[in-house]
Amino acid sequence: MHLDHSHDTPSALGADARRPDGSRRALRIGLGGPVGSGKTATVAALCRALRQELSLAVVTNDIYTREDAEFLLREAVLPPERITAVETGACPHTAIRDDISANLEAVEDLEDEVGPLDLILVESGGDNLTATFSKGLVDAQIFVIDVAGGDDIPRKGGPGVTTADLLVVNKTDLAPYVGSDLGRMAADAKAQRAELPVVFQSLRTGDGVKDVAAWVRAQLAVWTA
Amino acid sequence: MSRAALLVLADGRFPAGGHAHSGGAEAAVRAGRITGGASLEEFCRGRLHTAGLVAASLAAAAVLGVRVGELDAAADARTPSPALRAVARKLGRQLMRAARATWPSDELDAVAREFPKGAHQPLVLGLAARAAGLGALDAAHCAAYESVSGPASAVVRLLSLDPFEATGVLARLAPEVDRVADRAVEAARGVVAEGVGVLPAASAPLLEIGAEGHAGWGVRLFAS
């Protein structure tokens, strides 16, 4: 055993910032959140906003179907070879946190096959409020909740709401219909997250979409600096 | 050699991708062949003495230093289903990543370079055991146990089977797992002397057929 020597390795193992050829790998951003909060639609909106200026790819983690990958394909937000679906064995949080091997394989294959890439979006399967991404898989994470899931979610907190690098509160256009108080959600999110950013987004009206894209650009600027 | 290294490698939480696979249990549940604890036990017993024995022999032979390329070809020859061959390589690649991160070794790096898309999982398991300072019998135990522990935990999710019942199945199979591991090491020693032709080739046709069908399903919980 050689636990302490460095290797001329054939491939990266996890979060290494460099690829085996010495080039910088793509920035990886994870998107997690409850079922139906609009993760896939947010990924689609980000792809539309950024695909002209960046080389992009997406990994989806569907729980028991390939619907998320197929939605992105149908919407034609990216060419099909830039979208990969990972199967998660009924446990979406395991695949993004406890055992990230299949996702690492997917991001590596995307860089090998359609690279060089600037950005890979890794979308989790819909899960609960405790689902967070491993730092071995992503460099930053976005947690997507929606106003219709209950305006008490920011107050309840949990690892996703509290620690995600960006919190997106989606479907703000529905707030009047479901009785959600956006002001209260903003105040609760502020209390849970202190200085961490929050974006209120509606993919119907387009509100907030630019802010999420701008946040991603800022992450990329730091990554490539 | 550290005894506890075997526990690290054999732990179901070892992050090598196995959690997304049912070892054929999902197809067997759908076909009505697994409906509860008793039929899970029969399924696992069948898998142990066929795919499990072959996997354990490959793992043991890898620990004994049999050439990886030969073992990989022998594993291909013993896996008729293309879907299962693809799964074995995928899991081999994922295990390789975890093993290289856990027990860095030049030998693992060399094999990872030779098989960038993955070698068959059981022989990577053998190499991982070797890198961890473990022996052929340890690797065989690990492979034989994995051949039943994967389906058992998958069936807990698929049928909402009582987890104590599933664990009881594994405990009852333990003496047979020991015997399969012993047989596998004996076979692996034979390989060292006589070549890969003497590796066991016990096959489970329903596992192979089930895997081909399962690979085409549009909706499923497990990758295999």
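This briefing covers the fold of chain A and the cysteines of the structure. The model is predicted. Chain A contains nine helices and seven strands. Its radius of gyration is 17 Å, close to the 17 Å that the globule rule gives for 225 residues, so chain A is as compact as a globular protein of that length.

**Dimensions and packing of chain A**
- Taken along the principal axes, a box of roughly 60 × 40 × 35 Å holds the C-alpha atoms of chain A.
- Buried residues make up 52% of the 225 residues in chain A.
- Of the contacts in chain A between residues at least 6 apart in sequence, 77% link residues at least 24 apart.

**Surface and charge of chain A**
- Chain A has an accessible surface of about 9700 Å², and carbon and sulfur atoms account for 51% of that surface.
- Chain A carries 22 positive and 34 negative charges, and the mean positions of these two sets lie 5 Å apart.

**Cysteines**
- A disulfide is a covalent bond between the sulfur atoms of two cysteines.
- Over all chains, the structure has zero disulfides.
- The closest cysteine sulfur to that of Cys91(A) belongs to Cys44(B), and because the separation is 19 Å, the two are too far apart for a bond.
- Cys44(B) likewise takes part in no disulfide, as the nearest cysteine sulfur, in Cys142(B), is 16 Å away; the cut-off for a disulfide is 2.5 Å between the sulfur atoms.
- Cys91(A) is buried, with a relative accessible area of 15%.
- Cys44(B) is also buried, and its relative accessible area is 0%.

Technical notes. Residues are numbered from 1 along each chain as its sequence is written. Chains are lettered from A and ligands numbered from 1 in the order in which they are written. This is a predicted model: local features need pLDDT of at least 70, side-chain atom pairs count only at pLDDT 80 or more; totals for chains, interfaces and linings use all residues. Side-chain values use heavy atoms; hydrogens and water are left out. Helices (H or I, at least four residues) and strands (E, at least two) are DSSP runs, numbered from the N terminus. The radius of gyration is taken over C-alpha atoms; the globule rule is 2.2 Å times the number of residues to the power 0.38. Buried means under 20% relative accessible area, exposed over 50%, partly exposed in between (1.4 Å probe, protein chains only). Contact means heavy atoms within 4.5 Å. Accessible areas come from the Shrake-Rupley method with a 1.4 Å probe; for residues, only the protein chains shown count as cover. Lys and Arg count as positive and Asp and Glu as negative; His and the chain ends are not counted. The place of a charge is taken as NZ of Lys, CZ of Arg, CG of Asp or CD of Glu.
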